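Please read the briefing below with the sequence and the structure side by side. It moves from the whole chain to two chosen residues.

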Amino acid sequence: MNTTRLAPPADAPSTAITPRSRHRWWALAVLALAQFLVVLDASIVNIALPSVGSALGLDTAALAWVVTAYVLPFGGLLLLGGRLADRYGHRRVFLIGVAGFALASLAAGLSVDGTMLLAARAVQGAFAALLAPASLALLTQLFPDAAARGKALGLWGAVAGMGSAAGVLLGGVLTASFGWPAVFFVNVPVGILVLAVIPFLITRDRIATRERMDAAGAATATLGLAAAVAALSEGGTLGWTHPVVLGLAIAAVVLLAAFVLVERRASHPLLPFGFFRNRDALAGDLVMLVVGGATVALFFALSVYLQEVLRLDALSAGLSQLPLALALVGVAGAVPAVVNRAGLRPTLTGALVVLAAGVVWFALAGSTGFVLGFLLPSVVIGLGLGATFVTATQLAVRGVPESESGLASGLVNTAQQIGGALGLAVLGGIAAAQTSALTAGGATAADAAAGGFLLLFLGVAALAVIGAAVTVLIRRR
């Protein structure tokens, strides 16, 4: 196969060798459905955790590992998953990822004790790390021309928004109606549907080489990223000076330093550093890093703030976030038209500024009423967030040849996962420290919590501003 560029830097259409699908919009719908499962799984399980703990006899620390057991292999294996897709075929790796994810979901729902559930969650995360980068790589191949790809990524962003919002509501409904196993079983029929139709919608893979995999690079990258995610996830719970957290942090630094040394000497590196000569991809990944941190911290804070400060129940708190989610979904479909008119980087910069403005508005609104203090800033946040995810992803994969589309997709997903863990750890720690200080100073519990969340929201806005600065300063060569 001759390697061709799918989306040249100049936003001009390119020529693909053979279309990957005669029904590419239907193929996109099915790919997005699979991605929906990955996004949904990150939030739907949280709602079911109390029921899981009661049924399987798990304490709070063990329940935290129900989430962590999924996050560690997912974050650690994304880069390797993208590279495996480049080597063995994006459709093949995608189908393997979907099949493994569905089977692991079935095992999780059938779990009879905590050990079985944690093992199933770890397998879910590992196969999600194959599914996610392969599906985004297939999208870039289905839509090589810039205009159509922009529309496709708009729909992709809308699906991600729906997954985040649906997890809060669907998790509560399924758990209350059918019990906690239903939050895992729901993945199985969707997975079967995807496996059944993708072979008819997307052509077989065109694999150019069978070069040897960089085993040392894969091992150091996977273990290093997993250690970094674990340190960031556990730091807020155990404390940043806890021996386990310090040990994980040191291991992450050593392993990632070893990864850099290995990659500089490898004949076929897992991550060729020349990839970052593509300044669009570099900027897109850095923006996704900070936006991932802002998003995870924001949704965590909103869920807790609505219940602990505003005293809403779980269902009301979930419904209150619907305006944000609907705005996110709505703007995602409109972004491509804005990009065609204003350009990709200006649109991304504007989206990040809108996101920052919405978060600051929400943080400083105080008791100005539901419409001015909550509804309108939530809509502004949703508009900024939806436009940001679509344009940052588009920037991260622009100008990438098909042979490296899996790598590009793995990097942008890795940046989002690492950023999410880092943002929640740092901003959550700042909020907790401020809450403790205000409580010690005599503030009521509600006022102390509100003060802590104020700093967290302002930190989210600061991350959005940093992302805008990155977009402006890292220009294309």
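What follows covers the overall make-up, a surface patch and a buried residue.

This is a predicted model, in which local features need pLDDT of at least 70 and side-chain atom pairs count only at pLDDT 80 or more, while totals for chains, interfaces and linings use all residues. Residues are numbered from 1 along each chain as its sequence is written, and side-chain values use heavy atoms, with hydrogens and water left out.

**The chain as a whole**
- The chain has 16 helices and zero strands, where helices (H or I, at least four residues) and strands (E, at least two) are DSSP runs numbered from the N terminus.
- Of its 477 residues, 53% count as buried, a term for under 20% relative accessible area, with exposed meaning over 50% and partly exposed in between (1.4 Å probe, protein chains only).

**The nonpolar surface patch**
- L364, L422, V426, I430, L454, L455 and L458 form a nonpolar patch on the surface, with about 530 Å² of accessible area together; such a patch takes residues with over 30% relative accessible area and no salt bridge (a side-chain nitrogen of Lys or Arg within 4 Å of a carboxyl oxygen of Asp or Glu), and nonpolar side chains (Val, Leu, Ile, Met, Phe, Trp, Tyr) are joined within 5 Å. Accessible areas come from the Shrake-Rupley method with a 1.4 Å probe, and for residues only the protein chains shown count as cover.
- The elements giving two or more residues to this patch are α15 (405-440) and α16 (445-473).
- L422 lies in helix α15 and counts as partly exposed because its relative accessibility is 37%.

**The buried residue Q124**
- Q124 lies in helix α4 (residues 114-142) and counts as buried because its relative accessibility is 0%.
- Leaving aside residues up to four places away in sequence, Q124 touches D41, Y70, F101, A104, S105, F184 and N187, a contact being heavy atoms within 4.5 Å.

Note on methods. Patch = residues over 30% accessible without salt bridge, like charges linked within 9 Å, V, L, I, M, F, W, Y side chains within 5 Å.
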